[in-house]
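This report looks at how one pair of helices packs together and then at two individual residues. Please keep the sequence and the structure in view while reading.

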Amino acid sequence: MTGCHDDDEFEKHLEEDPDPQLDPERSPGLHTDIEALEDIEVSREDVTIGEATPEELAASDTEPVDDDAVASLLSDIEHGEKTDRRRAALELKDRATTDEIVAALARAATTDDDSDVRQFAVEALTAHGGERAAAVAVELLNDPDPWVRAEAVVTLDNVDREAHEDDIAAAIDDDHHAVRRNAAISLFKLRGEAMANLLLEQSRDDSERVREWAAHMLGGVDEDRARERLRELTDDPATVVRQTAERSLDVDPGRFRRQFGGALENDARLLPGEDRLNRMPDL
């Protein structure tokens, strides 16, 4: 485990010398012509290097259980080792919806002591949809792990963002950047230009990921104050924010809003020390 001093140096390095994989050409905030629902990023920007074991790194590989019967997967998610429970949750996402699968995923999402199992389980519930998935996601907005909370916002956005607008709006004040960003993306789909005040506020967020998305969505606000703020953001300390702001200044706001999907390129957002398990399951 790295010490506090090393962590501070690592965070300083990220601010002063951003990873090349943060190039805005690969950013989730740039490809707005994709209308997929699986669009809110839950990537991790504060992972500590060296914590994941080889077993944990393999947990997101579902190939070993591709041919397992549903009954076996249900047993694994209930009684298996941590890696087995994670794999089972991811694999159950792709199986035909049944009451047994939904119930097992709901239990894992709300009761498992491993945060990755909870995150993977609520993500899998998104694929099965329905009121149970939404109810579980609302409960998980209070989960102690921020990545579970961030995934819960994804679920609400996919299942029925309009019905859960108030729940999503409450997540705007979360103390973690991924949750704040996800909530803003979902609300922008509902409110469009009415999000101007919040986006202007988020454009000053401590997290460069939040500022990046704010700059991206400000491209859909046809107001002088939005354009003025975007011009200011072209001098942001983070390269990804500067270049996103430059691109947003060139878009047509009305067309931007009509096409906005907040699409995520799942393989493009790794930071130093991240891996697929620590980043997110594919949505």
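Is the crossing of α3 and α4 left-handed or right-handed? In this predicted model, the crossing of these two helices is left-handed.

Two packed helices are described by the angle between their axes and the distance between the axes. Here the axes of helix α3, which covers residues 70-79, and helix α4, which covers residues 82-92, come within 7 Å and cross at roughly 135°. An angle of that value makes α3 oblique to α4, because angles over 145 degrees are needed to count as roughly antiparallel. On the α3 side of the contact are Leu73, Leu74, Asp76 and Ile77, and these meet Asp84, Arg85, Ala88, Ala89, Glu91 and Leu92 in α4. The residues of this contact divide into six nonpolar and four charged, with no polar ones.

The table sets out two residues from other parts of the chain.

| Residue | Place | Relative accessible area |
|---|---|---|
| Ser207 | loop between α11 (196-202) and α12 (208-218) | 7% |
| Pro146 | helix α8 (residues 146-160) | 17% |

Ser207 counts as buried because its relative accessible area of 7% is under 20%. A polar atom of the Ser207 side chain lies 3.2 Å from the backbone nitrogen of Arg209.

Pro146 is likewise buried, with a relative accessible area of 17%. When its neighbours within four places in sequence are left aside, Pro146 is in contact with His176 and Val179. Pro146 and Asp175 are 29 residues apart in sequence, while their C-alpha atoms are 8.5 Å apart in space.

How values were computed: Residues are numbered from 1 along each chain as its sequence is written. This is a predicted model: local features need pLDDT of at least 70, side-chain atom pairs count only at pLDDT 80 or more; totals for chains, interfaces and linings use all residues. Side-chain values use heavy atoms; hydrogens and water are left out. Axes are lines fitted to C-alpha atoms, for helices over the stretch in contact, and angles run from 0 to 180 degrees between N-to-C directions. Helices (H or I, at least four residues) and strands (E, at least two) are DSSP runs, numbered from the N terminus. Angles under 35 degrees count as roughly parallel, over 145 as roughly antiparallel, 65 to 115 as roughly perpendicular and the rest as oblique. A crossing is left-handed if the near helix is turned anticlockwise from the far one by less than a right angle, and right-handed if clockwise. Contact means heavy atoms within 4.5 Å. Ala, Val, Leu, Ile, Met, Phe, Trp, Tyr, Cys and Pro count as nonpolar, Asp, Glu, Lys and Arg as charged, and the others, Gly among them, as polar. Buried means under 20% relative accessible area, exposed over 50%, partly exposed in between (1.4 Å probe, protein chains only). A polar contact is a pair of N or O atoms within 3.5 Å; within protein, one must be able to donate a hydrogen and the other to accept it, and residues adjacent in sequence count only if both atoms are side-chain atoms.
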